Number of protein chains: 6
Amino acid sequence: MHSASRRPSGRQPDQTRHITLTRDYTRHAEGSVLVTFGDTKVLCNASVEAGVPRWLRGKGQGWVTAEYGMLPRATHTRGGREAARGKQGGRTLEIQRLIGRSLRAAVNLKKLGEYTITVDCDVIQADGGTRTASITGGCVALIDAIRHLQRQKLIKGDPFKELVSSVSVGMFRGTPVVDLDYPEDSGAETDMNVVMTEGGGLIEVQGTAETAAFSRAELDAMLDLAEKAGAELFAHQREALGLRE
Amino acid sequence: MHSASRRPSGRQPDQTRHITLTRDYTRHAEGSVLVTFGDTKVLCNASVEAGVPRWLRGKGQGWVTAEYGMLPRATHTRGGREAARGKQGGRTLEIQRLIGRSLRAAVNLKKLGEYTITVDCDVIQADGGTRTASITGGCVALIDAIRHLQRQKLIKGDPFKELVSSVSVGMFRGTPVVDLDYPEDSGAETDMNVVMTEGGGLIEVQGTAETAAFSRAELDAMLDLAEKAGAELFAHQREALGLRE
Amino acid sequence: MHSASRRPSGRQPDQTRHITLTRDYTRHAEGSVLVTFGDTKVLCNASVEAGVPRWLRGKGQGWVTAEYGMLPRATHTRGGREAARGKQGGRTLEIQRLIGRSLRAAVNLKKLGEYTITVDCDVIQADGGTRTASITGGCVALIDAIRHLQRQKLIKGDPFKELVSSVSVGMFRGTPVVDLDYPEDSGAETDMNVVMTEGGGLIEVQGTAETAAFSRAELDAMLDLAEKAGAELFAHQREALGLRE
Amino acid sequence: MHSASRRPSGRQPDQTRHITLTRDYTRHAEGSVLVTFGDTKVLCNASVEAGVPRWLRGKGQGWVTAEYGMLPRATHTRGGREAARGKQGGRTLEIQRLIGRSLRAAVNLKKLGEYTITVDCDVIQADGGTRTASITGGCVALIDAIRHLQRQKLIKGDPFKELVSSVSVGMFRGTPVVDLDYPEDSGAETDMNVVMTEGGGLIEVQGTAETAAFSRAELDAMLDLAEKAGAELFAHQREALGLRE
Amino acid sequence: MHSASRRPSGRQPDQTRHITLTRDYTRHAEGSVLVTFGDTKVLCNASVEAGVPRWLRGKGQGWVTAEYGMLPRATHTRGGREAARGKQGGRTLEIQRLIGRSLRAAVNLKKLGEYTITVDCDVIQADGGTRTASITGGCVALIDAIRHLQRQKLIKGDPFKELVSSVSVGMFRGTPVVDLDYPEDSGAETDMNVVMTEGGGLIEVQGTAETAAFSRAELDAMLDLAEKAGAELFAHQREALGLRE
Amino acid sequence: MHSASRRPSGRQPDQTRHITLTRDYTRHAEGSVLVTFGDTKVLCNASVEAGVPRWLRGKGQGWVTAEYGMLPRATHTRGGREAARGKQGGRTLEIQRLIGRSLRAAVNLKKLGEYTITVDCDVIQADGGTRTASITGGCVALIDAIRHLQRQKLIKGDPFKELVSSVSVGMFRGTPVVDLDYPEDSGAETDMNVVMTEGGGLIEVQGTAETAAFSRAELDAMLDLAEKAGAELFAHQREALGLRE
């Protein structure tokens, strides 16, 4: 009761925002998913290209990578366009490296053959949690791209291993909360992004103390919230993809 | 009858695609319009910032500028991300300069005061005509941003002069046609972009022979088509903005 | 009488500046032409290189491209050196794309074989009309480079199709005028660059309203002036090249 | 017994490498520390500059930031020089952001006054764990720079809050291990960097599954190892700084 | 007799090429000189701008700097355009630093007041010795720019100290020679650039062994040749400037 | 007696600083030397890579090149990190070109086979003379890398020709002095870097007048000092390498 009143949105500590996954959002990409976590909206386009990066050639395996961008006015105030500034910032590079690593955990690269799947995550509107939404939606787009390769008979086996999703957790005004929106994100004591597999494994845990160090007990409480939210996210992904549980 | 069969889409030579203008598409920008010309979809976000570029300071006037970008998989095959390549290409710079010049024709910069309005045109899905859609949708977003300044009492007069819209015309298989989609655009003998004011004036005429030079008579026929389409575009803009004619 | 007095230079509305085309201006380039339009001086060097860009390889055709630059003090006040700034500006890229497209209209690329001709247009002194002078002089340099390939027996057929030239026209103080110099260019209501073939076709028409929209009638008047000037330009090119009419 | 034999170095799972912290390693920097974690050697130079970044001006507080670099032949094979490539890679930016955030946890920025302390961490020789060594050594250099400000009477209070150190942990061949060297780092199933305060708080926890997801139990086992190593690191820092416990 | 036959051009070892200095070559720059050393042609434009670089502000002195560029086809084969590559090469930077240092020796910066004179040296045609021609011609352009400041009554005293000129010398096929052209430059055992003041002082001596080390005796012989050529160069500069000896 | 008192360090005019050459300073590079000239400390790492730059391929010879960098706080005040600025400055490029040319004089590239040796010279602490220390130490690292190739039986002959070393000389308060430290370097009338071979030849002579032109007599006096110091440097190199004289 008390804790609910502490979240600006009025949500319960363990309550995620409204989550949607819309497939086939644009028509050119082999996988195209609009993911929304409340007011955060990210377009995840998975593109298949024959061939792999130079350092992987001839190894008989594929590659999955990600790129991340934010439209200049996805945020409260306009941010400069990275293309105009002539380089991607450190935050952008850090996020796209995280998305790429996370999505590779969903795939058996050996079974992918010499194809590269690039998942572009472009933030249309930002309200906190853009990287976790990108991973969750990007995984669905990635699977659609894999299904495309299979339908086209370009690969034989099934490179898809298991679903991967992600959610943020944090300590906000002394309480562990899940799926932080922008007002929470900018005021939290600790912010943590968790990437999980449907099988219960952890892929990434990135916790950062913003205004105060966090304890082992707080870490545990946040991971509990992430696990619980993970079950919801996997259900959303399954439903969007029409997979049976 | 014959000519209609010549267009891959089955459209009449003087028939534009289905056009929509959706205001308030995202929630942070002072003006936010999703414009669609058939399968071409562009998000136009107009952002207001206090101050003007250095070379305009102290002149008591405002500035309107535009930036243009294409999501990597807006196109049939994935194009590289300009932010990752470290620079905007010549085509991008050329288009955003065109959009900026065109939109400035809609505004009395003196009455804008020392504010800068930046109109970001980001192509979500491309099927030909992204620059003309950007100008047509960007004008609506620009007017919303101006209305925001007025509602906030930040400016007194009305800097809005008149509506500006744009459409492409071309010579396709010997026939003048309007609002070319991608299959037409890539096969046309001549491609021309026309920017018009509601008052009947021309702001930009950019005609380019792609595979064959064009004659004065063909130029005239194409301009006739553009004028006719302009009337439709202005009606769409008026309707979206709730302006009486 | 009246109109003449309107031009700062005292020229008649349909009067071009003094035009010269000096071949073999430098000694290394396969084609080297200094073109002057009054005080505007551009050095056009055409360089032949074996091979074509990657995306054209194996198609049995050649390529013609252009690069444009301005010496830092070609202008009234010193402009920064683009090499020192680390990138070519949007205006530069836009102009060199225009020059390249225009010059390709003079050539049958199939007959050029797998050679690339790069036409470097470097402005030694600027007084308006640098892009139209570049196209007009660049075409002569290009033909010299083609003749070089033929003399060296590197190609068999003749890739030269027809002469291409360019001139600016505009609305200046309410009157259509041709070949604007800098004072006119910076004060014109409308500025238009026209690229023409000797056969009477139009290659590019780029009209831009600077301070006021222009009408169809003004567009026609300007095109009439461009056509008339085109005849002069083709005569200059023929004379410089020693071609019979 | 078994587990010890699993580590290429023969170390026990909970055994860190030989750690040294040499102050005053170079003579110009206000704080200069060479830190070694076994064969990993990082020079941490803390520089004091008056003033703060633009976005902090006038807020009456200071700033602590970090930059990270690797000498081209710090590694087994020569890596390209980032200055020659013209940009810092994503890994570099990610690491220096981590170091900066971690070191700021050691400081009360309000008490620092309008000074910026930049901690340059340059890897002389790499053998795994360069970011954790950088944080551990950088904290000592930072404190020396703060002491310099105090000795010079440039600030009055003491901005130093508490010691911060860092160590890597991981799952290697099924066993949790601490302070991974390069052979372990490149073969580990999971790699995790932990940044701690002397008071027992966690500043950063960054765990990444490399070849297999990790469980909550494994996460706990790794954090236990990090805590134990933290005690050693704080003792090293205290000893180097001549601080009583 | 023998030695003459050794130079590809047939020149005597101590014979410079035909040298010309044409003032007022372009009309916008405050000083504009075309300098030719045989087939090497460099346009030197000196531009006056009020103000000095940030690090000199408030010191009551002026600044002289130089920029150097080569038109892409100034050379036998086309070199890439530095603006297109996005950076100036090491050779360019090295040369323009040399030119700047050399020209500053001709000027009393204190008497220049807070003005910056930038001397742009752009190579129209290259045949060896472009940096020495740039210094020799740039000095004349610099003096014209100083005279402009005096005529405009912008400065009171005379910042011009003494003439500076430069010539290359080298060991070519065992013989010391002066003013090397391209065939000599690319085949010389040693190449040396000497910058001198009219008063007999040395400003720069940059000798480089290309294929064989050089001895003190050879160094002396080369410097003797440079001194002799210096007298000629100063006479050319005096004549061009209309200065009495 | 008088002159000695003139040097801030109290050294005699012909007295070099304490010089050390420490081999095997880091463990990955094929040659790794820490060179110190007094308080100037440079780490010279020579790396062997199979293959040569594109323009040398198939010519049956090797290549030696150098890169130079300065740690941000090697100097009295912190200099920006070149990797962060996105380019190497002109001074850096000029120095690394000098080091590369100098070291190539020590090697018979034909006998090196198709290997590239890159000598990275990174300044740990700067006190004047970083480029001369880099050449002197880099030569020792280069020889170690050559010996590595021989030990590994990757090449048959001995590409090492002769020792190369370098020292700075200058005119300081009217007296010729050798091996200038930073206070001398920043106050000298003339600064000259001399690169020599053990056989008595000159490889580079780069003299620059800083505040006053220098005479031929002064040039000679400076070269005499450089020759004398060269003998010491070669003795240091021989001793470090265990070579008999």
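User: Before turning to single residues, how far apart are the closest C-alpha atoms of chain C and chain D, and what contact, if any, joins the two chains?

Analyst: This is a predicted model, so what follows describes a computed arrangement of chains. No contact joins chain C and chain D, and their closest C-alpha atoms lie 11 Å apart. Chain A and chain E likewise do not touch, with 11 Å between their nearest C-alpha atoms.

User: How should I read an interface where chains do meet, and how much area do chain B and chain A bury between them?

Analyst: The size of an interface is often given as the accessible area lost when the parts come together. For chain B and chain A that area is about 3,000 Å², of which 46% is on carbon and sulfur atoms. Within the area that chain B buries against chain A, H28(B), R73(B) and R78(B) supply 25%, more than any other three residues. The contact draws on 38 residues from chain B and 38 residues from chain A.

User: How many salt bridges cross the interface of chain B and chain A, and which side chains of E67(A) and its partner meet in one?

Analyst: The rule finds 16 salt bridges across the interface of chain B and chain A. One of the pairs to look for in the structure is E67(A) with R81(B), whose side chains meet at 2.9 Å, taken from N to O. Counting polar contacts between chain B and chain A gives 25 residue pairs, with both residues at pLDDT 80 or more. On the side of chain B that touches chain A, at least two residues each come from β3 (40–50), β4 (63–70), α2 (82–85) and β5 (115–125) of chain B. By class, that side of chain B has 14 nonpolar, 11 polar and 13 charged residues.

User: Where does UniProt place the feature "binding site" in chain A, and why do those residues gather at one spot?

Analyst: The UniProt record, an unreviewed entry, places the feature at R91(A), G129(A), T130(A) and R131(A). These residues span 41 residues in sequence, yet no two of their C-alpha atoms are more than 13.5 Å apart, so they gather at one spot.

User: Which helices hold R91(A) and R131(A), and is each of them buried or exposed?

Analyst: R91(A) is found in helix α3 of chain A, which covers residues 90–104, and with 34% relative accessibility R91(A) counts as partly exposed. R131(A) is found in helix α5 of chain A, covering residues 130–151, and with 18% relative accessibility R131(A) counts as buried, the cut-off being under 20%. Setting aside residues up to four places away in sequence, R91(A) touches Y68(A), M70(A), T130(A), R131(A) and, from another chain, R97(D). On the same basis of leaving out neighbours within four places, R131(A) is in contact with R91(A), I95(A), L98(A) and N193(A).

User: What does the side chain of T92(A) make a polar contact with?

Analyst: T92(A) also lies in helix α3 of chain A, where 7% relative accessibility makes T92(A) count as buried. The side chain of T92(A) makes a polar contact of 2.7 Å with the side chain of E82(A). Beyond its neighbours within four places in sequence, T92(A) is in contact with Y68(A) and E82(A).

User: Which side chain is joined to that of D122(E) by a polar contact?

Analyst: The partner of D122(E) is R81(C), and the polar contact between the two side chains is 2.9 Å. D122(E) lies in strand β5 of chain E, residues 115–125, and is buried, with a relative accessible area of 5%. Apart from neighbours within four places in sequence, the residues in contact with D122(E) include L71(C), P72(C) and R81(C), as well as K41(E) and V42(E).

User: How do I read phi, and where in chain D do D24(D) and D179(D) lie?

Analyst: Most residues other than glycine have a negative phi. In chain D, phi of D24(D) is near 55 degrees, a positive value, and D179(D), which is not a glycine, has a positive phi of about 55 degrees. D24(D) is placed in the loop between β1 (19–23) and β2 (31–37), and is exposed, with a relative accessible area of 61%. D179(D), by contrast, sits in the loop between β7 (175–178) and α6 (182–187), and counts as buried at 0% relative accessibility.

Note on methods:
Residues numbered from 1 in each chain as written. Chains lettered and ligands numbered in written order. Predicted model: local features only at pLDDT ≥ 70, side-chain atom pairs only at ≥ 80, totals over all residues. Heavy atoms only, no water. UniProt positions renumbered as here; feature names shortened; annotations may be inferred. Helix = DSSP H or I, 4+ residues; strand = E, 2+ residues; numbered from the N terminus. Buried < 20%, exposed > 50% of the residue type's maximum accessible area, 1.4 Å probe, protein only. Contact = heavy atoms within 4.5 Å. Buried area = accessible area lost by both parts, 1.4 Å probe. Salt bridge = Lys/Arg side-chain N within 4 Å of Asp/Glu carboxyl O. Polar contact = N/O pair within 3.5 Å; in protein donor to acceptor, adjacent residues only side chain to side chain. Nonpolar A, V, L, I, M, F, W, Y, C, P; charged D, E, K, R; others polar.
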